[in-house]
Amino acid sequence: MRILLVEDDQTVRGFVAKGLKEAGHVVDQADNGKDGLFLAVSESFDTIILDRMLPGGIDGLHLLETIRAQNNRTPVLVLSALSQVDDRVAGLKAGGDDYLTKPFAFSELLARIEALGRRGKGETGPATRLVVADLEMDLLSRQVKRGGQKIDLQPREFRLLEYLMRHAGQVVTRTMLLEGVWDYHFDPQTNVIDVHVSRLRQKIDKPFPVALIHTIRNAGYMLRDE
Amino acid sequence: MALPALFGSGGRKGGNLGAGSQAISGQTLAAHPHLSSAAAGPASPGARSRRNDLIRSASLRLALVYAVLFMLSAIVFMSFIWWATVGLLEREVDAAIVADARALSERWADGGLPALADSIRQRVASNVDDDALYLMVAPGGATIAGNLAAWPDGVTRSDVTYQLRISRDGLRSLAEVEAFALPGGFKLLVGRDVHARVILKRLLTDTLLWAMLMVGGLGLSGALIVRSLFRRMVRNVAQTTRAIASGDLTQRVPLSGSGDEFDRVAETINHMLDRIARLMDGVRQVSNAIAHDLRTPITRARTRLEDAALHATSTEEMQAAIERAVADLDGVTAVFEALLRIAEIEAGARRSAFAELELSALLDDLAELYGAVAEERGLTLELTPSEPIPIFGDRPLLQQAVANLLDNALKFSRPGGTVFLGAVRDGGWARITVADGGIGMAPAELSRASERFFRAESARSTPGSGLGLSLVQAVAQLHGGQFLLENRGEGAPGLVATLVLKAERPPARIADRMEAPSSVPHPDETVPPLHSPP
Ligand SMILES: Nc1ncnc2c1ncn2[C@@H]1O[C@H](COP(=O)(O)OP(=O)(O)OP(=O)(O)O)[C@@H](O)[C@H]1O
Ligand SMILES: [Mg+2]
């Protein structure tokens, strides 16, 4: 993916750029709002990582509103040191697609960026069937089969699996699951997500020789065909 | 016949009133600079800023307004006196001259020149006050009748009232005359000696000037009194606020006890100060706690890193140390975020995110999320179903608050225990209860449980930072409710945590949801007593 990174803190920028390059992406960098805006409007990117507080007169939200006003639909992830829920809402309202507060774990950023990048590609319309290896999900009849064998899932387990399947081959963090599956935006203090994923594993992976749900250390989970 | 036309032009007068009032107001205008310069004090070096202060001073403005109003009314009053005395006399003289002339003209019409001369002589003789002046002259200038020695110089026009100095019987005097042309070149002069009136006018002018001076003095002292009254009233407030500005937050504005407007202002200010003091206390408590409780993990992370830098012998060892340090720092961030969140809630800023929501569905979802956790730990989470409870509140915050309670209940439960979750509607209140059969708390510690960073001795071995219940408490307050933590009692182990919230507000009150929440429940919204747990 080609990613634009607009961030004024040199340490953070350097670290993020390095990590993204290691993950196989091409990164363009800007350390202020003006350069960032110039790059964003003059070239085309798959995703933009945008710090909210930027020097140079144009802050992140302003930049975002400007490119959205020009009908630029590039997915944008807003980074911010402001953690308050209202700020998050403001970031999303300005046209952001995702919001991450500082400090953040790089794995979280990478997972979210890759999820955004794929969303940006607009996938293949509203699918009615998801397939990963021998795991099939019918979204209309709400049935799940693995190796032709029907698996009974609770509604929430179904939603969890659907999320994982839609992001198959990508790292999905616990926060992403909490937000995407439960629509919760708070810190649950306990390992609630791990518990739910392990329950799902009991039904999806346990009876079969090959595991599809993998734990990615220090990051989250990934559903992948191996 | 020229006479009737002549008479038509007589009798317009009254210019003196204007002149008189001008003189008076000239005097008052002179008093203004006097007043302000007296108030502004001597123009010594450094007095400039003091003068600016005085111009901006509300008490001085009030005093000036008072003085100006006072003097304006005095001026109006004195002008009326002037108009009612001197003015009246002048108008009477005018009227008398006109009446005389009209009578004489009738004589002329009746009997011609001799009758007129006769009549003039008669009038001169019968004038007891000796103030009427007449003179009729022939075309050559010879006197035909009258009590004036000669036709006065300068009296030529017949449409003007002349003021003349005359000399009669060796006495100099002042007269007001009007001239009339008669047919055949004869001329008639009718007038009044106004000497007495001039004396009266002078007397009155002097009196009014003195009165004006006194009014000025009175106005000034009245202004000073008004100013000092005003100052005294704001001084209390000013003193208190000054003391507070210099750091003494214990000061309060003294009340006079009369319950007047100033008392009410003072009460409001005191109320505000109480709230500020409470917030400041919170800030102080938090900064102390931060110093205390964040130092520990930061120190730990630092030590790990330093230790690894000095002693690590392999890359794996180094990496492990770094990973643990990152985890420590993540813990610091989490504490930090929780603190900020609590502060944000306590400041009431989140009221804007309030919306209508349904409580029992919210609990269903949370029970589903935490039920799996309970199961995994060998516990049971039992949700008591309830009818829908619509309330007005902040969804993510309520979710977080209940999640914190469930987290505690599960964390402090004994193996095999059961946690109860339920909500009931109780009049205007919604009551969310989380009860467990866990280790419980000592009664003395219960009241401290929602303090920031408080963790009971028995909880030291469980993970946590002691901020969970502080957030619950803040959320309860934000929703105009209350958070209660109690032992289950009757020999049963464990705790009951109750979050009391205002049930759905009547739509009319939704409009004022932006109002700052008060941490003290309003007298008419006190929380009803707690029922026993399920
Ligand atoms: N259900 C409970 N049973 C027994 N003790 C409790 C219970 N709930 C709270 N406490 C006591 O109150 C203290 C404060 O609770 P609080 O939730 O604020 O902090 P914590 O759970 O220790 O940490 P955190 O919630 O921040 O992870 C706890 O440490 C514990 O001692
Ligand atoms: Mg807790």
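This report describes a ligand site, two sheets and some unusual backbone spots in a predicted model.

## The ligand site

Start with ligand 1. It lies between chains A and B. Around ligand 1 there are 20 residues. Those that come nearest are B:Asn408, B:Lys411, B:Asp436, B:Arg455 and B:Leu469. By type, the shell divides into 10 nonpolar, seven polar and three charged residues.

Oxygen atoms of ligand 1 have polar partners in chain B. The table lists three such contacts.

| Residue | Atom of the residue | Distance to an oxygen atom of ligand 1 |
|---|---|---|
| B:Asn408 | polar side-chain atom | 2.7 Å |
| B:Ser465 | backbone N or O atom | 3.1 Å |
| B:Gly466 | polar backbone atom | 2.9 Å |

How much of ligand 1 does the protein cover? On its own, ligand 1 has 590 Å² of accessible area, and the protein covers 96% of that. Two elements of chain B each give two or more residues to the shell: helix H9 (395-411) and helix H11 (468-478).

## The sheet of chain B

Helix H11(B) leads on to a sheet, as it also packs there. First, the sheet itself. It is open and has five strands, in the order E7-E9-E10-E12-E11 (chain B). The pairing is mixed. Why do strand E7 (380-384) and strand E11 (482-489) of chain B each have one side without a neighbour in the sheet? Both stand at the edges with a single partner strand, so one side of each is left free of a neighbour in the sheet. On average, neighbouring strands are turned by 15° against each other, with direction ignored.

Look inside the sheet next. Strand E9 (residues 418-426) and strand E10 (residues 429-435) of chain B pair in the antiparallel sense, over seven bridges. One bridge pair is B:Asp426 with B:Trp429, the latter in E10(B).

Helices pack against these strands. Helix H8 (residues 359-376) of chain B lies across E7, E9 and E10 of chain B. It runs at about 170° to E7(B). Helix H11(B) touches E11 and strand E12 (492-502) of chain B. Its direction makes about 125° with that of E11(B). Helix H11(B) therefore appears twice here: it packs on the sheet, and it gives residues to the shell around ligand 1.

## The sheet of chain A

Chain A has an open sheet of three strands, in the order E10-E12-E11. Here the pairing is antiparallel. Strand E10 (172-173) and strand E11 (213-216) of chain A are the edge strands, and each pairs on one side only.

How many bridges join E11(A) to strand E12 (residues 220-223) of chain A? There are four, and the two strands run antiparallel. In one of the bridge pairs, A:Ile216 is matched with A:Gly220 of E12(A). Between E11 and E12 of chain A there is a loop, and A:Asn218 lies in it. A:Asn218 has a positive phi of about 60°, although it is not a glycine.

Helix H8 (residues 192-204) of chain A lies across E11 and E12 of chain A. It runs at about 150° to E11(A).

## Other backbone spots in chain A

A:Asp183 also has a positive phi, near 60°, and is a residue other than glycine. It is found in the loop between helix H7 (174-181) and H8 of chain A.

The last spot is a peptide bond. A:Lys102 and A:Pro103 are joined by a cis peptide bond, with omega about -5°. A:Pro103 lies in the loop between strand E5 (98-101) and helix H5 (106-120) of chain A.

Methods: Residues numbered from 1 in each chain as written. Chains lettered and ligands numbered in written order. Predicted model: local features only at pLDDT ≥ 70, side-chain atom pairs only at ≥ 80, totals over all residues. Heavy atoms only, no water. Pairing = 2+ DSSP bridges. Contact = heavy atoms within 4.5 Å. Axes fitted to C-alpha atoms, helices over the stretch in contact; angles between N-to-C directions. Near = heavy atom within 4 Å. Polar contact = N/O pair within 3.5 Å; in protein donor to acceptor, adjacent residues only side chain to side chain. Areas by Shrake-Rupley, 256 points an atom, 1.4 Å probe, with all protein chains shown as cover. Nonpolar A, V, L, I, M, F, W, Y, C, P; charged D, E, K, R; others polar.
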